[in-house]
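Visitor: Please give me a close look at a single part of this protein, and explain the terms as you go.

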Amino acid sequence: MAAHRKPRQRSLSGNTARTAATLALAGAATATGFEGTGHAEPQLTPAQVKTKVDQLYQEAEAATEKYDGTKEKADTAQRRVKALQDETARKQEKLNSARDALGLAAAAQYRDGGIDPAWQVALSSDPDRYLDNAAFAERAGAAQAGAVARVRRQLREIEQLRGAAHVELASLRSQQAELKQQKTTVTGKLDEARRLLDRLSPQQRAAVTADGASSRASRSATEGRAALAPGGATASDSRAAAAVAYAYSKLGSPYIWGATGPNAFDCSGLAQAAYRSAGVSIPRTTYAQINAGRRVSRSELQPGDLVFFYSGISHVGIYIGNGQMIHAPNPSAPVRIAPIDEMPFAGATRVV
């Protein structure tokens with residue numbers, strides 16, 4: 001029987017070995033090249049960075065307005081929960097007092113032995129006086145029954161309050177979870193914008209974050225105040241004039257998303273704070289503020305009117321006349337004067 005031998009592997013010849021090594025190196029180089037291409041971030045020009053950063057700021061501001069609206073709802077729910085809990089505690093105190101009174105009455109009845117009234121008349125040394133006392137006891141019994149009914153009613157009320165508080169608490173927790181998600185969205189977009197700006201030189205960054213028209217409009221608050229000077233456009237209402245004056249006093253304040261003053265603002269926070277200083281309450285968010293007064297056309301604008309931008313009504317400024325407004329632009333720029341035509345105009349409203 002023939003023995004089976006394992007075929008001997010032929011060693012690579014010199015040429016074959018060199019060819020294999022060359023192919024291996026070429027493959028490694030190719031793989032490295034593809035890998036580098038897959039992970040390298042494209043170099044953006046300053047103009048491209050500006051476009052991308054502006055888009056990110058707009059998206060962040062839209063998310064900020066949603067955050068502001070949700071926070072307002074959460075704050076309201078928090079106040080309702082607190083009010084319900086306080087009312088429940090007050091009713092619980094009354095219930096405890098009523099229960100204590102019933103307990104004392106029950107203990108007294110037990111001590112008297114609960115003798116049948118007919119026997120008590122027969123055994124009494126003074127039946128006439130006893131009958132008077134019995135009538136009083138009957139009235140007391142009716143009062144005690146009323147006390148029991150009140151305790152039962154208080155118990156039902158407390159259960160209803162606890163149920164309402166439970167519903168409000170569930171709503172609050174849902175809104176808090178939504179706030180957390182919206183906060184993540186805002187901070188993510190702002191962080192991305194910051195990373196893009198950090199790649200630029202200081203000169204490029206300054207050019208990207210400072211719009212030329214805005215810089216010209218903001219170079220002097222005195223120029224802007226001409227909108228309120230005699231002969232220029234004037235506010236039709238003293239409260240609107242007060243709101244404009246407040247906005248002027250906040251020029252240079254930093255933009256912080258979610259802030260409503262007094263030292264930092266987001267766009268709708270500035271509008272709300274300005275009118276609050278004039279004794280007028282307006283909603284917190286842009287999409288609610290646009291319905292806070294009478295709609296006016298662009299040609300009808302007067303100082304104090306709120307002007308809104310973008311299709312989603314995600315930005316607001318306070319009109320000051322001469323085609324200018326005061327607004328809180330974004331984290332890269334403080335509260336400043338700017339022309340209203342620097343963003344897509346969406347509408348305006350006259351609050352007062």
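Guide: Let's begin with burial: a residue is called buried under 20% relative accessible area, exposed over 50%, and partly exposed in between (1.4 Å probe, protein chains only). What you see is a predicted model, in which local features need pLDDT of at least 70 and side-chain atom pairs count only at pLDDT 80 or more, while totals for chains, interfaces and linings use all residues. Residues are numbered from 1 along each chain as its sequence is written, and side-chain values use heavy atoms, leaving out hydrogens and water.

The part I'd pick is the loop between β2 and β3, where Tyr310 sits. Names such as β2 refer to DSSP runs numbered from the N terminus, with helices (H or I) of at least four residues and strands (E) of at least two. Tyr310 has a relative accessible area of 19%, so it counts as buried. Its backbone deserves a look too: Tyr310 is not a glycine, yet its phi is positive, about 75 degrees. Most residues other than glycine have a negative phi.

Further along, Ile313 belongs to the loop between β2 and β3 as well. Ile313 also has a positive phi, about 50 degrees, without being a glycine. Because its relative accessibility is 16%, Ile313 is classed as buried.

Now follow the chain from Tyr310 to Phe345, 35 residues apart in sequence; their C-alpha atoms are separated by 6.3 Å. Phe345 is part of strand β6, which covers residues 345-350. With 26% relative accessibility, Phe345 is partly exposed.

The strands that flank our loop also feed the largest nonpolar core: β2 (306-309) and β3 (315-321) each supply at least two residues, as do α2 (46-112), α4, α8 (238-249) and α9 (267-277). Such a core is a set of buried Ala, Val, Leu, Ile, Met, Phe, Trp, Tyr and Cys residues joined through side-chain atoms within 4.5 Å. α2 gives this core its largest share, nine residues. The core has 48 residues, and those touching the most other members are Val53, Leu197, Tyr275, Ile282, Leu306, Ile318 and Ile326. In soluble globular proteins, nonpolar side chains tend to be buried together.

One more backbone detail, from another loop, is worth a stop. Gly261 and Pro262 are joined by a cis peptide bond, with omega at about 5 degrees. You can find Pro262 in the loop between α8 and α9. Most peptide bonds are trans.
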